[in-house]
Amino acid sequence: MIPFPVIKLRSQFPALGRTLHGREVVFFDGPGGTQVPKRVIDAVTDYYIHHNANIGGTFTNSHETDEIVQTARQSMAALLNAPEAECIVFGQNMTTLTFHLSAAIAETIRPGDEVIVTDLDHDANVAPWLSLAARGAVIRTVPVNTVDCTLDVERLTSLLSERTRLVAITAASNAVGTMPDIKAMIAASHTVGALTFIDAVQYVPHCLTDVQALDCDFLACSAYKFFGPHQGVLYGKRNALQMFQPRKVRPAKNIVPYSWETGTQCHELMAGVTAAVDYLASISDDAKGPRTEADLRCRLVTSFHDIREWEQQLSAKVLVTLGRIDGLQLYGITNSNQLHLRVPTFAFTVRGFTPREVAGHLAARSVYCWSGNYYAVRLMEALGLEEAGGAVRIGLEHLNTFEEIDYLAECLTDLMH
Ligand SMILES: Cc1ncc(COP(=O)(O)O)c(C=O)c1O
């Protein structure tokens with residue numbers, strides 16, 4: 001077992017100290033949104049106290065805000081390994097940014113152009129692309145393998161043609177944790193000249209993201225899933241961002257990334273995004289002693305190595321523990337030799353109970369988790385679960401512990417007896 005400073009890290013999160021029904025709350029709702037470390041709260045507060053202003057002015061608060069925005073872009077560029085800060089666009093959330101992009105792409109769609117989506121995706125990476133059908137686009141869908149909730153590269157490849165304009169794929173499922181082979185899918189899509197859009201909302205909190213290694217054209221994520229504030233982030237290759245004309249007010253700058261940022265942004269949350277990236281980078285400092293001289297990306301590389309190892313150990317325990325409970329059916333990759341193909345997000349049903357009843361039973365025992373489809377509608381339909389209320393979702397983060405998994409098993413066993 002690797003040493004991972006989970007207790008020390010948890011102590012940085014004021015929200016994790018919450019007690020309910022006489023015990024500390026167990027947060028297994030990370031895929032719905034994570035808690036934030038104190039440094040994020042402080043950064044947002046500090047912005048309001050000392051720097052609050054609009055951008056581009058002549059006075060000090062405005063200059064400071066310009067700097068805060070630029071630093072947030074640089075932090076996100078480091079987190080995603082974007083080649084430059086100007087490839088980073090901020091917006092309200094991933095869904096809004098994706099609809100914004102699809103509306104701009106729609107202007108260039110000609111009847112017969114094809115777009116590929118998948119049955120594994122959250123609807124935020126499906127509905128914006130379905131809307132292109134109104135412009136004459138043909139939508140093709142990569143089906144999910146229902147046995148283990150994976151996507152085949154070959155199934156995607158068989159749908160590609162010279163008419164394919166865009167391929168939208170998830171980097172990690174928010175329901176069952178599957179990580180499709182997006183690198184191979186992106187490379188295949190490029191052979192026919194298609195653009196690629198990656199939904200990395202559920203990937204970024206768990207894995208080191210590298211947009212240059214992936215070679216994706218666009219990638220979107222949300223800071224509130226990686227210990228930051230409610231702030232959406234879109235990465236685009238510079239030429240991909242320049243290829244389309246977003247809707248904008250005329251006086252707003254017509255150069256990327258500013259042309260993509262509609263109206264006044266949430267500067268205070270950008271300060272929070274920088275603090276969240278700083279927190280992620282500090283995880284390796286905590287494990288290996290301060291490395292302040294190392295650049296941000298290097299520190300993130302080490303942190304995500306440690307996060308990944310720790311989360312794989314937690315995942316292995318979840319698989320064994322839930323696997324022992326009679327009447328519990330787990331969906332997705334359940335083979336403990338394939339942990340490298342998933343993030344620690346698990347969906348299951350319990351015989352004799354609706355998913356909401358199970359989530360309610362757990363909530364009454366201070367365990368927070370979700371039930372339903374969590375907007376992964378097509379996956380739930382493919383698994384035949386949609387009508388029956390979806391599934392229960394246990395979403396772990398690096399802040400979770402083995403003891404919390406044992407407690408979950410205890411609560412589920414109680415339910416059965
Ligand atoms: C995988 C995935 N994609 C997209 C979204 C939508 O993100 P946002 O809430 O930032 O619009 C979510 C949110 O749960 C998600 O989990």
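This short presentation describes a predicted model of a protein chain with a bound ligand.

Good morning. Let me begin with confidence, since the model is predicted. The average pLDDT of the chain is 96, and 98% of the residues score at least 70. Confidence is highest in strand 8, residues 195-199, with a mean of 99. At the other end stands helix 10, residues 267-288, where the mean is lowest, at 91.

I turn now to the ligand. Which residues are found around the ligand? Among them are Pro-31, Asn-93, Met-94, Thr-95, His-122 and Ala-124. Further along the chain, the list continues with Asn-174, Asp-199, Val-201, Ser-222, Tyr-224 and Lys-225. Sorted by class, this shell has five nonpolar, five polar and two charged residues.

Three members of the shell deserve individual attention. The side chain of Thr-95 places an N or O atom 2.4 Å from an oxygen atom of the ligand. For Asp-199, the partner is a nitrogen atom of the ligand, 2.5 Å from an N or O atom of the side chain. Tyr-224 has a polar side-chain atom 2.5 Å from a ligand oxygen atom. How much of the ligand does the protein bury? The ligand taken alone exposes 390 Å², and the protein buries 91% of that area.

Next, the interior space. How many cavities of 30 Å³ or more does the structure hold? There is one. The largest cavity contains about 110 Å³ of space. Its lining consists of 13 residues, and those nearest the centre are Leu-16, Phe-27, Gln-35, Glu-397 and Leu-399. By class, the lining of this cavity comprises five nonpolar, five polar and three charged residues.

Finally, I should like to point out two details of the backbone. As a general matter, most peptide bonds are trans, and most residues other than glycine have a negative phi. In this model, the peptide bond from Val-256 to Pro-257 is cis, with omega near 5 degrees. Pro-257 sits in the loop between helix 9, residues 238-242, and helix 10. The second detail concerns Asp-215, which is not a glycine and yet has a positive phi of about 65 degrees. Asp-215 also belongs to a loop, the one between helix 8, residues 211-214, and strand 9, residues 218-222.

Thank you for your attention.

Notes. Residues are numbered from 1 along each chain as its sequence is written. This is a predicted model: local features need pLDDT of at least 70, side-chain atom pairs count only at pLDDT 80 or more; totals for chains, interfaces and linings use all residues. Side-chain values use heavy atoms; hydrogens and water are left out. A residue is near a molecule or strand if one of its heavy atoms lies within 4 Å of it. A polar contact is a pair of N or O atoms within 3.5 Å; within protein, one must be able to donate a hydrogen and the other to accept it, and residues adjacent in sequence count only if both atoms are side-chain atoms. Accessible areas come from the Shrake-Rupley method with a 1.4 Å probe; for residues, only the protein chains shown count as cover. Ala, Val, Leu, Ile, Met, Phe, Trp, Tyr, Cys and Pro count as nonpolar, Asp, Glu, Lys and Arg as charged, and the others, Gly among them, as polar. pLDDT is the predictor's confidence in each residue, from 0 to 100. Helices (H or I, at least four residues) and strands (E, at least two) are DSSP runs, numbered from the N terminus. On a 1 Å grid over the protein atoms alone, a cavity is a set of points where a 1.4 Å probe fits but cannot get out, and a pocket is an open set with protein on both sides within 12 Å along at least five of seven lines; lining residues have an atom within 4 Å of a point. Grid points are joined across faces, edges and corners, and a volume is the space filled by probe spheres set on the points.
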